[in-house]
Amino acid sequence: MFKKVSKLAIAAAAIAALPGVAHAGTATAQGQAVLNVINQCTVTGKNVNLGTYTASNTWGQVGAALGSYNGTTYTPGSLGQEHLDFGSVTCDAGTPYTLSIKGGSSIVPGAISIAHNGKTATFLPGIKKLAGNVVADTSAIYAGTGAQVGTATLSATGTGTAQTLFGNVTLNFAVGGTAAPLPSQTLGVAGTANDTLNYTLNF
């Protein structure tokens, strides 16, 4: 009996004294699987038709049709303030957004620049109705034109369906320079003039 116990004790002591014997361990950590779902918005631009005129028409007659500003007074055009189709915006329901529509004028940043027969006319774009609803004026100077989207922004909220954009342009006779047309000057020659409209939708 003594011999058995002594042998077992010696064996246990020998195992405990062995160097480098390791035990397996467990480590834990956490990460995340992420799925991002964002609101969606799109904008559809249009080729905005400012009208057809004759070479004998004056710039004043163009302004009388579309709307004009002489430096002190804004006069709405005979075609109304919501006759131009600027396209549409489609955003998820409840998504707030802002929209600007800028032309390429170097004289009035954001304005539409139409160069014809040695003259460069400056038009200010405005959005009067969004999805059939009246848009509040962003400028007291151009009363009734809605959001002056060339120099300001249209702020609205998406409905989940396309929201149409209808508005106007104002021929700004207050712009100086020898290239600026005067109301009494005729268009003079036939031809087509255009400018690029840049739509920026933030949401």
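This report describes one antiparallel sheet and one disulfide in a predicted model.

Local features are taken at pLDDT of at least 70 and side-chain atom pairs at pLDDT 80 or more, whereas totals for chains, interfaces and linings use all residues. Residues are numbered from 1 along each chain as its sequence is written, and side-chain values use heavy atoms, without hydrogens and water.

**Sheet**

An open sheet is formed by 3 strands in the order β9-β5-β11, with antiparallel pairing. Strands are DSSP runs of E with at least two residues, numbered from the N terminus, and two of them pair if DSSP finds at least two bridges between them. The edge strands, β9 and β11, each pair on one side only. From one strand to the next the twist averages 25°, an angle between N-to-C directions on a scale from 0 to 180 degrees, with axes fitted to C-alpha atoms. Strands β5 and β11 are joined in the antiparallel sense over 5 bridges; L99 has L201 in β11 as its bridge partner.

| Strand | Residues |
|---|---|
| β9 | 154-157 |
| β5 | 96-102 |
| β11 | 198-202 |

**Disulfide**

Taking a disulfide as a pair of cysteine sulfur atoms within 2.5 Å, the count is 1. The bond links C41 and C91, with an S to S distance of 2.0 Å. The link is right-handed, with 125° about the S-S bond. Because C41 lies in strand β1 (residues 41-44) and C91 in strand β4 (residues 84-91), the pair ties together parts that are 50 residues apart in sequence. Both C41 and C91 are buried, that is, under 20% relative accessible area with a 1.4 Å probe and protein chains only.

Key. Helix = DSSP H or I, 4+ residues; strand = E, 2+ residues; numbered from the N terminus. Buried < 20%, exposed > 50% of the residue type's maximum accessible area, 1.4 Å probe, protein only.
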